[in-house]
Amino acid sequence: MSSIADDINLYGNATAVIAAFPQLTSLLLSELGLTVQPTKSAYATHPNAAIAAGALTPPVPLGQREQLPASTALPALGIVHGGVPIGDDVFIRLHLDDVWKKVEADARRIHNTLRDHPQHRHQMLTLSTQHTIDYWLQHVHPDHTLEIAQRMDALITELSNDIAGIDIDAVPLGPERKQLPMRLGGLGLRARVQLRNAAYASTVAKVIPLLAPSLNNAGQTVPGYYATPHITQLTHRRGLVRQWLLQLGAIPRFGLRRRHGCTCSVGRAPSVCSP
């Protein structure tokens with residue numbers, strides 16, 4: 001019988017991670033017979049943190065992107081966790097570029113495969129293709145997702161026009177009808193540029209309470225996933241999450257409201273339909 005472990009992550013300040021890493025490698029070896037492969041591992045840290053590859057035992061390389069484009073003069077440092085890039089601006093941008101290349105290629109392949117079936121192409125566009133970048137809109141800060149959202153909106157416009165055989169945006173109220181849910185007479189093709197702030201903000205609002213300690217139904221304290229004093233303070237300050245959402249522009253000042261009896265969503269990200 002063999003054992004395998006994948007995607008093990010250590011989070012914390014530099015001192016704690018340096019101390020925990022050799023303990024983890026020793027535990028994996030003694031209990032499961034597993035050996036950590038340092039060359040397949042990587043670490044990422046704040047630029048001012050006092051940690052280097054030599055401080056980790058066994059040594060682990062700094063996470064960085066290799067083979068940078070010739071136009072990129074800056075370093076691209078970071079790691080990818082759960083498909084989400086975490087690092088400097090260049091690292092995140094290049095990773096999202098890779099994500100988009102695959103998303104676009106798959107979308108065009110499906111669209112062309114179903115060329116003789118316009119109804120099927122529309123169903124794939126509304127139920128599948130337009131949602132393929134939502135995961136990254138939910139987990140990557142909006143500062144980094146404008147470009148990929150614009151690309152998706154442009155692709156949706158191109159493919160929907162091809163299906164309809166007309167320029168939908170040139171029709172009176174065409175853009176509005178295109179984004180309206182199908183149950184209200186629209187095409188159900190939402191603008192990702194408009195949804196990206198709400199997608200990310202709702203994820204943060206859902207995750208933050210899980211990070212700090214909380215009380216269960218029996219009144220017992222349940223440890224949070226990442227119960228640092230800072231996270232605990234965030235969850236205990238009333239209205240802080242809502243204030244942050246307002247600053248991000250994810251919800252209007254008057255709060256979420258129903259319009260035409262519809263409240264749409266991207267995954268678990270609430271948003272408001274446009275008429």
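Here a biologist and a modeller chat about a predicted model of one protein chain.

Biologist: What makes the empty space lined by A107 and I110 a cavity rather than a pocket?

Modeller: A cavity is a set of points where a 1.4 Å probe fits but cannot get out, whereas a pocket is open. The structure holds one cavity of 30 Å³ or more, and about 50 Å³ of space lies in the largest cavity.

Biologist: How do you know which residues line the largest cavity?

Modeller: A lining residue has an atom within 4 Å of a cavity point, and that gives A107, I110, H111, R121, M124, L125, T129 and L159. Helpfully, α2 (89-113) and α3 (118-127) are the elements that give two or more residues to this lining.

Biologist: Why is H111 called polar and R121 charged in that lining?

Modeller: Arg is on the charged list, and His is on neither the charged nor the nonpolar list, so His counts as polar. Overall, the lining has five nonpolar residues, two polar and one charged.

Biologist: What makes β1 and β2 a pair?

Modeller: Two strands pair if DSSP finds at least two bridges between them. Strand β1 (residues 78-81) and strand β2 (residues 84-87) have four bridges, in the antiparallel sense, so they pass that cut-off. For instance, H81 has V84 in β2 as its bridge partner. In the hairpin, two residues sit between the strands, and G82 takes a positive phi near 60 degrees.

Biologist: What does "buried" mean when you say 35% of the 275 residues are buried?

Modeller: Those residues have under 20% relative accessible area, and 35% of the chain's 275 residues count as buried on that basis.

Methods
Residues numbered from 1 in each chain as written. Predicted model: local features only at pLDDT ≥ 70, side-chain atom pairs only at ≥ 80, totals over all residues. Heavy atoms only, no water. 1 Å grid on protein atoms, 1.4 Å probe; cavity = no way out; pocket = protein on both sides within 12 Å on 5 of 7 lines; lining within 4 Å. Points joined across faces, edges and corners; volume = space filled by probe spheres on them. Buried < 20%, exposed > 50% of the residue type's maximum accessible area, 1.4 Å probe, protein only.
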